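Visitor: Could you pick one part of this and walk me through it slowly? I'd like one long answer rather than a quick tour.

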Amino acid sequence: MTEIATRPNGALGTTEASATGGAKGVTVTGLFKAFGRHAVLRGVDLAVPDGTVTAILGPSGSGKTTLLRILAGFVPPDGGTICIGGTEVDGPQRHVAPEVRRVGYVPQEGSLFPHLDVEANVAFGVPRAQRRAKVAELLEMTGISELAHRYPHQLSGGQQQRVALARALAPSPSLVLLDEPFSSLDAALRASVRLDVTAILRQAGTTTVIVTHDQDEALSMADQVAVLRHGQVAQAGRPEQVYDRPVDADLSRFVGEANLLAGSIRGGRADTILGSLPLMDGPSGLAEGTAVLVLVRPEQIQVVAPTPGGGLAGIVRHSDYHGHDSLVTVATGNETLNVRCTGSTHLSPGADVALEVTGAVVAWAAPTTPAP
Amino acid sequence: MADAAWHTALYGGSAALVSTVMAVPVALLAVRHDGPLRRLLERSSYLVLAVPGLVIALSLAYFSSRYADDLWYQTAPMLVMAYAIMFFPLALVGVRASIAQAPPGLEDVARSLGQGRLAVLWRVTRPLVGPGLAAAFCLVFLSAVTELTATLILVPTGVQTLATQFWRYQQNLAYGQAAPFALLMIGIAAVPSYVLARFFDRLPARATTT
């Protein structure tokens, strides 16, 4: 009886059809949240276009899980507004309860209901009338039809994640939230489950926010990556934007491996120990002679045979072999550089090499006072 | 005999109810808000198991005569209280296990699936916690039904329980008359034992899900 009374009413259910057309998605503006005297979110702004996947990338303690719990409605924010699917769910004097937000939530551990089988778990949030058709559709979509009558403890970690995803998608939510969904899976399983989940999310076409500290996961799964740092979105953009053009040096180190070289602007290029490098966006505001920090990604550096005048000479210090490639540490003068080599290149410590850069780089004004 | 059986069941049942209810807040604190102080509170309650029933009964009697003007001495509430205190650790074990079955994350998920607080309580918390609460109730009931020493001291005047009646007859070497009381005690204890066995059979399978 109580179930019927507290379920979102029919009016909310019928907005579903129109949600596919309009520009809805999720808009977060100036979100604040503090626990005691500790401010966790300090003005988060984020826009997630309708039907796309946004990854929120941040180190532990950056407030990303808090952001997710606020989006789900479990915790009210201290300030700011949230609009989901064109409806304001959090704002001044407004907090919509989680059960009427139509936001699906997939927690870290899956958190399936242990007393219900897979079918009943998926059916949990679906009104009785649509249950049969909807559940069958989702079991099919997530590829778990044959597990319908198993109980959660009889499932592997990857299967549990699919069930949790199917359960979250079943009530056709306006937004699905995934909280570090793959962190409890072992490395071998993680990649395949990640691919499957991405495919399912694309097929369902649901607006998705996924929280992760794994930059590989964020870059590979998302249409948009938002990096959360010190309780604010430091940068949001397409994965390649965030990786190729990070807004500052600190961020470049967080998203992928980075070599940061001191240099200066000479003739519209960045002059570094690796030579004069072309700038991706031109000098863009950096005056001639400005001291800069230059970002060179390890895969931009090529190892060449040491010939006189050919590249920067160095000595291999260490090689971190990954099979498909290896990350080689090369000492040159007073700098050490990370270089990514393909799997076929084998360099042992002590080998003499020369380094060359391909492609354009990004530079920021160095934090210290400019050189005279 | 019917009278003795009725009182046994009444006292045992009330004690089981009281101690199970008392165990819920302690278990909630211990499971959901873990901390050194809370853990100490929980651990120390197990110490009660080491205290003989006689000591608890005598302390309650002493407390009543010294500080409470003989209030409740040899009345049903005091006997029930004594049972509830003695068997509190048993209740706590059951309640703790059951609350651990229902992590708050599950309730969050249920709410995000469109269920209000009451619906979540009914569809998620109740089925997960219920069996454990029943188990705690049974454990205490089972122990209270056969308890003798505290019962002898605190039982209301003129009332016999199965245990005290059995004890009386066998003191007088009237084994034939004592036997049916023993049988009845076994009979009453068998019901919760069966329920308990069913609960613990199911528990290990669930425990692996976490």
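Guide: What follows is a close look at chain A. Residues are numbered from 1 along each chain as its sequence is written, while chains are lettered from A and ligands numbered from 1 in the order in which they are written. Keep in mind that this is a predicted model, in which local features need pLDDT of at least 70 and side-chain atom pairs count only at pLDDT 80 or more, whereas totals for chains, interfaces and linings use all residues.

Let's start with helix 3 of chain A, residues 64-72. Helices here are DSSP runs of H or I with at least four residues, strands are E runs of at least two, and both are numbered from the N terminus. Seven of this helix's nine residues are buried, so the rest of the structure largely encloses it. Buried means 20 or more other C-beta atoms within 10 Å of the residue's own; 12 or fewer makes it exposed, in between is partly exposed, and C-beta atoms are placed from the backbone. The buried ones are K64(A), T66(A), L67(A), L68(A), I70(A), L71(A) and A72(A). Right after helix 3 of chain A comes G73(A), with a positive phi near 95°.

On the subject of phi, most residues other than glycine have a negative value. R102(A) is not a glycine, yet its phi is positive, near 60°. You'll find R102(A) in the loop that links strand 6 (94-95) and strand 7 (103-106) of chain A. R102(A) counts as buried because it has 26 C-beta neighbours inside 10 Å. E180(A) is another non-glycine with a positive phi, about 40°. Its loop runs between strand 8 (175-179) and helix 7 (187-204) of chain A. With 20 C-beta neighbours inside 10 Å, E180(A) counts as buried too.

Now for a sheet. Five strands of chain A make up an open sheet with antiparallel pairing, in the order 16-20-17-18-19. Two strands pair if DSSP finds at least two bridges between them. Strand 16 (301-304) and strand 19 (335-342) of chain A are the edges, each pairing on one side only. On average, neighbouring strands in this sheet are turned by 45° against each other, direction ignored; axes are lines fitted to C-alpha atoms (for helices, over the stretch in contact), and angles run from 0 to 180 degrees between N-to-C directions. Zooming in on one edge, strand 16 of chain A runs antiparallel to strand 20 (residues 352-357) of chain A, and four bridges join them. For instance, V303(A) has L355(A) in strand 20 of chain A as its bridge partner.
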